[in-house]
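Let's work through a few exercises together, with the model open beside you. Try each task yourself before reading its solution.

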Amino acid sequence: MKFWAAVAAVSLLTATEAAAAPQVLQANPSDVNSRNIEGRSFKLAQIKNVHFNQHGKGPRALAAVYEKYDIELPETLLMVLRQILLDIGFDLRARSLMSARAPDNATAPYNNNTGQGEVTATPIPFDVEYLTPVDIGNPPQTLPLCFDTGSSDLWVFSSNTPVSQQGGQKLFHIDNSTSAQKLQNHTWSIRYGDGSGSSGEVYLDTVDVGGIKVENQAVETANQVSSSFTRDEHSSGILGLGFQSINMVRPNKQKTFIDNALKSLAMPLFTANIRKAAEGNYNFGFIDETEYLGNLTMIPVDAASGYWKFKGTAFSTGFNGTNSAISDIVVPLEHPAIADTGTTLLMIPEAIVQAYYRQVANAYDSKIYGGWVFPCNSTLPDLTLYISSYKAVIPGELINFAPADLDDPATATICYGGVQSSRGFPFAIYGNVFFKAHWTMFHVEEKKLGFAPRSGE
């Protein structure tokens, strides 16, 4: 009956709404696109950040989503984060971060702050578990960057970044590049949900990703960096793979790397093969059929928002599909969602989250840990999310995200859920908990996503 109590809170789709769900296409790789015979293709492996800090991994991952989309952090989560920072020896008072002033010109598409003035600023350690090497400039300087389909800026720590805001990152030394040209009167600025921000100048330079060179690519160099990023000494910045409309350069938005690289690729697409507890890879310009099972399910993307946005249509839950009749009940629940490789967690509507965790004994939304937690010895049910006709099963083992009460999984008793609520967000965010189960193709030219279950390790 717990399941039905959760279902009662869901607004069910009418038959008409269900019929209006986006049409999908089952496709083989040869059906997706004709190849540019002169184009290039390459596989780019991720690199594990061996210094990734595991302490408070769950609440930090949740806070990072709030920060990224400039949503004000709930007070309970702020309290948890402050304690995590104290635990790792971060002196909040010394950094004067508790009363930072929001910039007068700060704007963001999704911000529920009350306005300008004093805001609470608690730095979130944005440690990135996996990074990808990118060459910038001539001669090339190799920087480890985070590939992020949820943003559209290529920004880096640079020789313009104040020493006080550096944390050991590898810098892009502008003066060492013979091809760097400043884009006059252009700046960039990104504001985060804790009131902090990153900003700087814009240069045009050569960027090489996997042997694909783009000349005159906009490289946003940081003159100011949020302390959230300063703390992650092994990440030198972000390479955004979203659409140009959410690029933060002003007064003129700049094309992303993938936009500029399309003409050089054999196929105008890239794919994400993200693995559990292991380095994955991105493929550009081709489809590796060994990385997934069956045919691709192609769905249209609403690119007007700047994100890889699509519609989730329903869900079901149960223990590996065998937990009595409830595992076969598909509950319609249409919701906007984006595919975001720069987000770790799977953030979905509150009704789905409640329905899922009500299948787990002693799971609860914890103020102490800042999100949904459960006993570590729980056998978690699978969660199935429907994207029109595509049935995306998230194995329960992937939803056991991290220890919560202790850092060591072997001794922890409370664990943090990889599925958390998207309440307060304008859309659900399908992050790496989703991608670890489902190989994903991003077709830039046709503005489509392709999904298929990942093949075995």
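Strands are DSSP runs of E at least two residues long, and they are numbered from the N terminus. Please keep in mind that this is a predicted model.

**Exercise 1. Getting an overview**

Task: Find how many helices and strands the protein has, and what share of its residues is buried.

Solution:
- Step 1. Count the elements: the protein has ten helices and 27 strands.
- Step 2. Turn to burial: of the 457 residues, 59% are buried.
- Step 3. Look at the contacts between residues at least 6 apart in sequence: 72% of them join residues at least 24 apart.

**Exercise 2. Two residues with positive phi**

Task: Locate N185 and K447, and decide whether each is buried, partly exposed or exposed.

Solution:
- Step 1. Place N185: it belongs to strand β7, which covers residues 181–191.
- Step 2. Check its backbone: phi of N185 is near 60°, a positive value in a residue that is not glycine.
- Step 3. Apply the cut-off, by which exposed means over 50% relative accessible area. N185 has 70% relative accessibility, so it counts as exposed.
- Step 4. Move to K447, which sits in the loop between β26 (438–443) and β27 (448–453). K447 is not a glycine either, and its phi is positive at about 55°.
- Step 5. With a relative accessible area of 37%, K447 is partly exposed.

**Exercise 3. How two helices meet**

Task: Describe how the axes of α4 and α5 cross, and which residues meet there.

Solution:
- Step 1. Find helix α4 at residues 57–68 and helix α5 at residues 75–87; their axes come within 10 Å and cross at roughly 125°.
- Step 2. Name the arrangement: the two helices are therefore oblique to each other. The crossing of α4 past α5 is left-handed.
- Step 3. List the partners: α4 brings P59, R60, L62, A63 and Y66, which meet L77, V80, L81 and I84 of α5.
- Step 4. Sort these contact residues by type: eight are nonpolar, none is polar and one is charged.

**Exercise 4. The loop between β11 and α7**

Task: Find the cis peptide bond that leads to P251, then work out the surroundings of Q254.

Solution:
- Step 1. Both P251 and Q254 lie in the loop between β11 and α7.
- Step 2. Inspect the bond from R250 to P251: it is cis, with omega near 10°.
- Step 3. Judge burial: Q254 has a relative accessible area of 15%, so it is buried.
- Step 4. Look for polar partners: a polar atom of the Q254 side chain lies 3.0 Å from the backbone oxygen of N252.
- Step 5. Leaving out residues up to four places away in sequence, Q254 touches L183, H186, L204, A218, Q244, N247 and V249.
- Step 6. For a second cis bond, go to N138 and P139, where omega is near -5°. P139 lies in the loop between β4 (130–136) and β5 (141–148).

**Exercise 5. A tyrosine and a helix**

Task: Decide whether Y430 is buried or exposed, then find which residues of α8 are buried.

Solution:
- Step 1. Locate Y430 in strand β25, residues 428–430. Its relative accessibility is 1%, so Y430 counts as buried.
- Step 2. Check its side chain: Y430 makes a polar contact with the side chain of H335 at 3.0 Å.
- Step 3. Compare sequence and space: Y430 and M347 are 83 residues apart in sequence, while their C-alpha atoms are 6.3 Å apart.
- Step 4. Finish with helix α8 (residues 350–357), where seven of the eight residues are buried. They are E350, A351, I352, V353, A355, Y356 and Y357.

Key
Residues are numbered from 1 along each chain as its sequence is written. This is a predicted model: local features need pLDDT of at least 70, side-chain atom pairs count only at pLDDT 80 or more; totals for chains, interfaces and linings use all residues. Side-chain values use heavy atoms; hydrogens and water are left out. Helices (H or I, at least four residues) and strands (E, at least two) are DSSP runs, numbered from the N terminus. Buried means under 20% relative accessible area, exposed over 50%, partly exposed in between (1.4 Å probe, protein chains only). A polar contact is a pair of N or O atoms within 3.5 Å; within protein, one must be able to donate a hydrogen and the other to accept it, and residues adjacent in sequence count only if both atoms are side-chain atoms. Axes are lines fitted to C-alpha atoms, for helices over the stretch in contact, and angles run from 0 to 180 degrees between N-to-C directions. Angles under 35 degrees count as roughly parallel, over 145 as roughly antiparallel, 65 to 115 as roughly perpendicular and the rest as oblique. A crossing is left-handed if the near helix is turned anticlockwise from the far one by less than a right angle, and right-handed if clockwise. Contact means heavy atoms within 4.5 Å. Ala, Val, Leu, Ile, Met, Phe, Trp, Tyr, Cys and Pro count as nonpolar, Asp, Glu, Lys and Arg as charged, and the others, Gly among them, as polar.
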